[in-house]
Structure formats: C-alpha cells, structure tokens
Amino acid sequence: MEHIIWDREFECADRKKIKELQLERLRHTVQYCYDNVPHYRKKFSEIGLKPEHIKTLRDIEKIPFTTKEDFRANYPYDMFAVPMKEIVRLHGSSGTTGNPVVTGYTRHDLDMWTGLVSRVACAAGVVPDDIAQISFGYGLFTGGFGLHYGLERVGLSVIPVSSGNTKRQIKFMQDFGSTVLISTPSYAMYLGETAQEMGIDFKKLKLRLGLFGGEGHTKEMQKQIEKYLNITDTENYGLTEVIGPGFSGECYIQNGMHIADDEFISEVIDPETGEVLPMGEKGELVVTSLTKEGVPILRYRTKDITRLMDEPCKCGRTTTRMEKVSGRTDDMLVIRGVNVFPSQIEGVLLGMDDVAPHYEIVLTTEKHLDRIEVKVEVADAELLTSYSALENLREKIANNIYSILNMHVKVTLAEPHTLKRFEGKARRVTDMRSQ
C-alpha cells in the first residue's frame, strides 16, 4: 500500500530551513504573547525579559516555564490572547483535581489543528478509502473532535461512534466494514477481549490499523494489541494545553512519533533542575507553540518523560521524533527511596505469555514502610487448578519485576475478567497509603 506524506513541504524539509522558520515564528509568538496575554507579560517583567531579547533559538531558555497550575490560576479565559468573539470552540480537561484546563481555538487554530491530525493519520498509514471508527468520547476532551476533522480532511469515511457500548462497537466494525480504529490503547484491548468472548475473530474483519492516544502504551502493550486485533498499532500524542492530538504521531515504521516542527519547538529538560538536556537524553518534554492564536503557549512543562531524536526516519520524514512516553513526573512513585514508573511494571507483565494485559498496582503502608502489590490476571483459567503452576508463575513475575526495579513486590494472580476494564484513560494505580 502506498503511504501518503500529507504535507511534504514541512514533513520532509531541510533541518536548517526548519530552524530558520522556527526562529522567525518564535520571535513573533513571544511578542504576541507579551502584547496579548497578561500572564506572560507579568512573567517577563518579573525577570526583566523583553521580546527583543529573543534573538536565537537558544534564547528560548531565557523564557520562564508555563505549567498546568498557570492554567488553573488563570481559569477560565485569562490565558487567552484574543477576545471571545474570535474563539469558535472551547476544549478542556476533566478538572477532577481542581479547575479544569481550558483552551480555545480561533478559526485559524482549528484549520491548523485539522491539518496536523491529517499529517499524523497519513504517517500512520491511512488512505482516503479507509473507514475510521472513532471510539473516543466526544466533548471537552480533544481526542474525538481532533481526530474526526483530521481524518475527514484526508477523505476517510468517519463513524463517530464515541466511547462505550462495546458490543455495539464490535457490531459496527462488522456491519460498516471499519478499517481504522481510534481509541485509547486500553479500550482497544478491551474491544479485543470482548470480541473473543463473543466468538468473533478479528482476522475475519476488515480492521487493519489503529491510531491510539489519550494515554501512553509500552512496546509490549503495542504488540499485545496487534496480536489481539490483528492490526498495525500506531501511537499519537498531544495535550489539551498544547493543541490536542496532532502534536506528534508514529508513522508505519513505528520508531518514534514525528513532531510538527513547523508548529512547535520541543525541548527536553532535567525535571529537577530545569536544565535543557542534549538531543537524545531522556527527561521531561517542554513545548512551545509557534502559530497558535487563541491560546499560545511558551515552554509548557508536559510532565511527560521521553527523549528526542533528530536523525531522518526511513519513511522519508525529517522531523524531530519523540520516543514513547516512559512515564510522567507526577505519576512517578517514590517507594522507599526508589523511583518507580507504572510503565516499567507494565513492560514486564505484557512481555510474559501466561498473564493477560490487565493489571492493577496497589500501594499500601505496612509498619511505616511503603509496599507495592501487583495484581494481574492469568491468561488461562486452567492455571488456577494447579497450585505449583501458579506459584511458579507468581515467582517468575516477582523476579522479573525485581530485575527491573531492584525491589521486591507482592504479586497477586487474579482470575480472568476480574480486574477493572476502562473505556477511557486507564487508571492502573490505587494508592491506599493515606489509609
């Protein structure tokens, strides 16, 4: 199948020309933010920074960071750079831990966003003949609408199923001939499991490609989804504060997510010191928008841990790529002085044949010491009839986790279909330490 490069001018541009464009757009955006967003003008004034001080791309390091707390402190509209009459759509986070993050889009922003999603979709391997089933929720969450308009622009037929009602989702895949699935990776796993229970073989469906986002997933989970659903699994990445899906996405080579360098500047910093790290080193991703009108953003700390790569990809694109997110600074668990990311445990579990891709990490305190319990379903209920087989599996999981974390954890094996499933973002960690 021929792979489409949606915007060859920028996706395959000479790196020197991209950096020149980035500097030109950065200087414009800094002045635009200073003139139109009181938050940024105040931040600049506090350190004596003026827009004219930004003369090179390296000078971006002089600009203060923006955080999620800044959005919440300026809720709902004080991060906006234009009056509401120019905002044609609002999106936002759920706000489960305080005021939601709210962002707004001008007509230019929506057009730009749609184009970026088209790029990501084509990089993944969609073609105009495809039929895309969107199993993201539609609403303030950016995923549903973001993918919807980008896929339509490429020319796909879009089925806006939204999330939930899993058996109905599978019926639509059968009846409508869906070839592309849009969802969170955890919901894709649940769809595959439900189809098995219904006696439906995905090899007999037309589904061939998945564009998954809303949460990260490890290489091990990617392989499981491909096996379950008989598809090619690609991941895309975005944040409400930055734009939504479209910031970056995996191509069919599956070796990092291509970033829209003409629309964003990406940095990786040491999350403790804020120091910018060299290309290729792992740290926290920081993003600056270059042409957004509604809510421009300067040096946003994403809290996502990744690394950047700038060598050209085999697909022909020259854009910077980011590795799969290996964790979040706010998801990092500090257990007896050891930094633990849930994705490390997921990588171990999903790399084993005898366990299902459903697990829960439970944190407790015992005699003033933090403890980790890992609950995971066995893949085959027959294992439950053999005590020795269960003990061998439990010991093998515990040893594999110890080899990664250098820490002993309690492993509990659960019966198939007993742990919680997720239609949206998966919540794998239950923290009971305060209890």
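Which residues in α7 meet which residues in α8? The legends below take up this contact and then a few other close-up views of the model, which is predicted.

**View 1. Helix α7 packs against helix α8.** Here we look at α7 (residues 166-176) and α8 (residues 185-197), whose axes lie 10 Å apart. The angle at which these helices pack is about 80 degrees, and a value between 65 and 115 counts as roughly perpendicular, so α7 and α8 are roughly perpendicular to each other. From α7 come T166, K167, Q169, I170 and M173, and they meet Y187, Y190, L191, T194 and A195 of α8. Sorted by character, the residues of this contact comprise six nonpolar, three polar and one charged.

**View 2. Helix α11 has a buried side and an exposed face.** With 19 residues (387-405), α11 should span 27 Å at 1.5 Å a residue, and its end C-alpha atoms are indeed 27 Å apart, which agrees. Take a moment to find its buried residues: L390, L393, I397, I401 and L405. They cover an arc of only 90 degrees around the axis, which puts them on the same side of α11. Turned away from that buried side is a face carrying the exposed residues N392, E395 and S403.

**View 3. Strands and a helix cover the buried residues of α11.** The cover includes the strands β17 (338-340), β18 (355-366), β19 (369-378) and β20 (410-414). Helix α10 (342-349) is also part of this cover.

**View 4. N406 follows α11 with a positive phi.** Just after α11 comes N406, with a positive phi of about 55 degrees. This residue sits in the loop between α11 and β20. Is N406 buried or exposed? Its relative accessible area is 58%, so N406 is exposed. As background for this view, most residues other than glycine have a negative phi.

**View 5. R299 is a buried loop residue with a positive phi.** Although R299 is not a glycine, its phi is positive, at about 50 degrees. Look for R299 in the loop between β11 (283-289) and β12 (300-306). The relative accessibility of R299 is 2%, and therefore this residue counts as buried.

**View 6. A cis peptide bond joins Y75 to P76.** The omega of this bond, from Y75 to P76, is near -5 degrees. You will find P76 in the loop between α4 (68-73) and β1 (89-92). For orientation, most peptide bonds are trans.

Notes: Residues are numbered from 1 along each chain as its sequence is written. This is a predicted model: local features need pLDDT of at least 70, side-chain atom pairs count only at pLDDT 80 or more; totals for chains, interfaces and linings use all residues. Side-chain values use heavy atoms; hydrogens and water are left out. Axes are lines fitted to C-alpha atoms, for helices over the stretch in contact, and angles run from 0 to 180 degrees between N-to-C directions. Helices (H or I, at least four residues) and strands (E, at least two) are DSSP runs, numbered from the N terminus. Angles under 35 degrees count as roughly parallel, over 145 as roughly antiparallel, 65 to 115 as roughly perpendicular and the rest as oblique. Contact means heavy atoms within 4.5 Å. Ala, Val, Leu, Ile, Met, Phe, Trp, Tyr, Cys and Pro count as nonpolar, Asp, Glu, Lys and Arg as charged, and the others, Gly among them, as polar. The expected span of a helix is 1.5 Å times one less than its number of residues. Buried means under 20% relative accessible area, exposed over 50%, partly exposed in between (1.4 Å probe, protein chains only). The arc is that of the directions from the helix axis to the C-beta atoms.
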